[in-house]
Amino acid sequence: MRFKGRDVISIKDFTKDEVNHILRVAGEMEPLAKKGSDMLRGRILATLFFEPSTRTRLSFETAMYKLGGTTIGFAEPEISSVRKGESLADTVRVVENYADIIVLRHPLEGAARFAAEYAEVPVINAGSGAEEHPTQALLDLYTIVKEMGRIDGLKIALAGDLRFGRTVHSLAYALSLYDVKLYMVSPPTLRMRSEVLEDIKGRVEAVETEDMESIIPEIDVLYVTRIQKERFPDPAEYEKVRGSYRVDLNTLRNAKDNLIILHPLPRTDEVPPEVDMTPYAKYFKQVWSGVVVRMALLALLLGAVE
Ligand code: NCD
């Protein structure tokens, strides 16, 4: 297993052993996240964000600072030379002169893979259009292990916008490495992409349904996502599904006692604040997982840990 110098573009680029290793190293980062470390002193992370972000960008920056490194970058491409028409390929070839590792979020599918082909330094995909968000999937898995003690044997529902939501694509691939049963819960027009279903078929059982209530008593993990309004090619199509699902206290009345609810955040109206008070709600704990998992990735890719 070798991580030094690698890119993180798709979760599919990693074996189960490698994913488990990243989760293990993330566990070892917990104390360092509390007390700090100088493992990456002198190293520079560049965050290039061509799309809005709160958690992903700030947690990568936090992770880098906690390991003693520093960060540069932009979250508003409008104020960089991108505004003047600089290409992604040129931007990346410039930035790698400044930084040891690049984290990229971009609205186009394939953008991260494309950037990685130009960059000599590792590129981490922090979201490529509606395609994938591999580091989110890793922190989702980490949270499941932390809360449930395991992944194997669990029944897990991925709910919401399974068509345009990139986090659920990466998470479905990641979960298909384990012995789980998946429920894909969505309105008909937001069903899981067929290429994802095709890929995971044969490795895990995946049941598609529109009926959240019927599966609630079965499941151990409920992963809810928002409707990705900005990715709808047609605003009228968004209007048709807007507000079409919601996980509230009533939906949860037949849930198992130890059900956990995860959400990559940001949420809109799909999980109302009344759920925050229940023991099911783990989405704010998930945010902390983002810090330790990204510390692990930075340390591994920069060769500070094996
Ligand atoms: C997600 C994203 O950007 O795909 N956010 C995140 O990174 N936690 C989810 C979303 O925007 O709905």
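Two strands count as paired if DSSP finds at least two bridges between them. In this predicted model, an open sheet of five strands follows the order E7-E6-E5-E8-E9, with parallel pairing. Strand E7 (205–209) and strand E9 (260–262) are the edges, each pairing on one side only. Neighbouring strands of the sheet are turned by 20° against each other on average, direction ignored.

Strand E6 (residues 181–185) runs parallel to E7, joined by five bridges. Tyr183 has Val207 in E7 as its bridge partner. Helix H5 (residues 134–148) lies across strand E5 (155–159), strand E8 (221–224) and E9. The helix runs at about 165° to E9.

The structure holds 26 salt bridges. Three of them are listed here.

| Pair | Closest N to O | Separation in sequence |
|---|---|---|
| Lys12 and Asp199 | 3.7 Å | 187 residues |
| Glu208 and Arg191 | 3.0 Å | 17 residues |
| Glu213 and Arg253 | 3.3 Å | 40 residues |

Lys12 lies in the segment before helix H1 (16–35), and Asp199 in helix H7 (residues 194–200), so their bridge ties together parts distant in sequence by 187 residues. Lys12, Asp199 and Arg203 are linked in a network of salt bridges. Glu208 sits in strand E7, while Arg191 is in the loop between E6 and H7. Glu213 belongs to helix H8 (residues 212–215), and Arg253 to the loop between helix H9 (235–241) and E9. Glu213 is partly exposed at 39% relative accessible area; Arg253 is partly exposed at 49%.

A nonpolar surface patch of about 270 Å² is made by Ile72, Val94 and Tyr98. Ile72 lies in strand E2 (residues 70–74). Its relative accessibility is 36%, so Ile72 counts as partly exposed.

How values were computed. Residues numbered from 1 in each chain as written. Predicted model: local features only at pLDDT ≥ 70, side-chain atom pairs only at ≥ 80, totals over all residues. Heavy atoms only, no water. Patch = residues over 30% accessible without salt bridge, like charges linked within 9 Å, V, L, I, M, F, W, Y side chains within 5 Å. Areas by Shrake-Rupley, 256 points an atom, 1.4 Å probe, with all protein chains shown as cover. Salt bridge = Lys/Arg side-chain N within 4 Å of Asp/Glu carboxyl O. Helix = DSSP H or I, 4+ residues; strand = E, 2+ residues; numbered from the N terminus. Buried < 20%, exposed > 50% of the residue type's maximum accessible area, 1.4 Å probe, protein only. Axes fitted to C-alpha atoms, helices over the stretch in contact; angles between N-to-C directions. Contact = heavy atoms within 4.5 Å.
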